[in-house]
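Work through the exercises below with the sequence and the structure open. Each solution goes step by step.

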Amino acid sequence: MPLTNGADYVIMNNPSEERNVLKVKLMNKIAKVGTDVLSPNRYEVGTDLQGEDAIMVRSANLHETEFSPSLRAIARCGAGVNNIPLERCTKEGIVVFNTPGANANAVKELAVAALVLASRDILGGVKWVESLQGTENVAKAVEAGKSAFVGHELAGKTLGVIGLGAIGGMVANAAISLGMSVMGYDPYITAKAAWSLAPSVRQASDYGDIFKHCDYITLHVPATPQTKGMINEKTIAEMKAGVRILNLARADLVDATAIKSALESGKVACYVTDFPTDETAGVKGIIAIPHLGASTMESEDHCAVMAAQQLDEFLTCGNIKNSVNFPNVGIPVFDKPRVCVMNKNVPNMLSQITSVFSSQNINIENLANGSKGEVAYTIVETNERANEDILQRLKDIDGVFGIRTFG
Ligand code: 3PG
């Protein structure tokens, strides 16, 4: 039986605030099926809230946003989190979630379209037909003029997939079904992702292997300081002449000046991007799509539902799933009082936390703990509710920066 008496917050610098209703602020248009997960008995959801406990967001830039002191969590309905100030959030004990895989199918389908658009001048042909409106015998003109739009087939060509997460893996498998030969590279590939790849996807030994051998290259990695400008003058020089490059991941991965000069020289035959910028919009050879990768009804629904479920679980019982700045830690069944502790990931923290309970003869019934980078998170379930003295002593541990109690 879940406990019914809601969450207490005892967060450093914001002590002892109790809420019956949790406020979730929407920073983008979020699919209703997702916000419906947040029951009106417990949540107030809207765009104009003050004192929010959580935020749901898509691509809105939060870097300059001042957060309410009550903010506990941000759920990104999607994959990329470069619009969120992660370091600031971690310092302030704000857990940031994303929804890995929830929009992968939508992006995969756009990648298939991008492969085709990069190979055949369908867009040019459609534009030309539009220009024929009002002329006599369009059908005859079409047959006479179509040879200007002859393209290439994908079957038999080699595709290089950089990044084999949820999206990259699906793109690799789809390309195999289209008859392409596929090479993949991902130094951080998970066992689950590796298992879901079609057996004929070949493993590249490094980026250079992809650059050297592929007719098409598609990017599916996040934008980080390490990946910024990974497609640049030097890496383009390593590629095959006439390579076609797809970027449905983030603008920053590709050096726009380098790609434009490679298009002019013919080294790159086509660049498809889902992230147009001042430098890439309207340039010959660049197919610029207005960030439509995840923009399907299905994907918007999947992302919003997954984000809302993760938020709900965190806000009502402290479990963390799919966080990008805190470890994934949870105790599935919530039927005992809990204390959740955020602390620096340094030696001797867990023993200090547990000894606070044992010093008062409180039995720890369940404990879950994990760390990610510089932070750790612990859920302690006890046979009785932690009193003020316990909470104070937990707060006094050097390195503890957040405590929440439930039940
Ligand atoms: C993502 O990072 O998940 C995609 O780029 C989709 O972004 P969007 O939710 O703003 O469409």
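**Exercise 1.** Is Ser299 buried or exposed? Find its helix and the residues that Ser299 touches.

Solution.
- Accessibility: Ser299 has a relative accessibility of 3%. It is therefore buried (under 20% relative accessible area is buried, over 50% exposed, partly exposed in between; 1.4 Å probe, protein chains only).
- Location: Ser299 sits in helix H11, residues 297-317. Helices (H or I, at least four residues) and strands (E, at least two) are DSSP runs numbered from the N terminus.
- Contacts (heavy atoms within 4.5 Å): leaving aside residues up to four places away in sequence, Ser299 touches Ala102, Asn103, Ala106 and Ala294.

Two conventions apply throughout. The model is predicted, with local features needing pLDDT of at least 70, side-chain atom pairs counting only at pLDDT 80 or more, and totals for chains, interfaces and linings using all residues. Residues are numbered from 1 along each chain as its sequence is written, and side-chain values use heavy atoms, without hydrogens and water.

**Exercise 2.** Which residue forms a salt bridge with Glu300? State which parts the pair ties together.

Solution.
- Criterion: a salt bridge is a side-chain nitrogen of Lys or Arg within 4 Å of a carboxyl oxygen of Asp or Glu.
- Partner: Glu300 pairs with Arg58, with the closest N and O atoms 3.0 Å apart.
- Placement: Glu300 is in helix H11, while Arg58 is in the loop between strand E5 (54-57) and strand E6 (73-76), so the pair ties together parts 242 residues apart in sequence.
- Exposure: Glu300 is partly exposed, at 26% relative accessible area.

**Exercise 3.** How many salt bridges are there? Describe the ones formed by Lys32 and Lys146.

Solution.
- Count: seven salt bridges.
- Lys32: its partner is Asp36, and the closest N and O atoms are 2.9 Å apart. Lys32 is exposed at 58%, whereas Asp36 is partly exposed at 46%.
- Lys146: its partner is Glu143, with closest N and O atoms 2.9 Å apart. Lys146 is partly exposed at 47%.

**Exercise 4.** Which residues line the largest cavity, and what is its volume?

Solution.
- Method: on a 1 Å grid over the protein atoms alone, a cavity is a set of points where a 1.4 Å probe fits but cannot get out; lining residues have an atom within 4 Å of a point.
- Count: there is one cavity of 30 Å³ or more.
- Volume: the largest cavity has about 40 Å³, the space filled by probe spheres set on the points, which are joined across faces, edges and corners.
- Lining: Lys29, Ile30, Ala31, Arg58, Cys77, Glu300, Cys303 and Ala304.

How values were computed:
1 Å grid on protein atoms, 1.4 Å probe; cavity = no way out; pocket = protein on both sides within 12 Å on 5 of 7 lines; lining within 4 Å.
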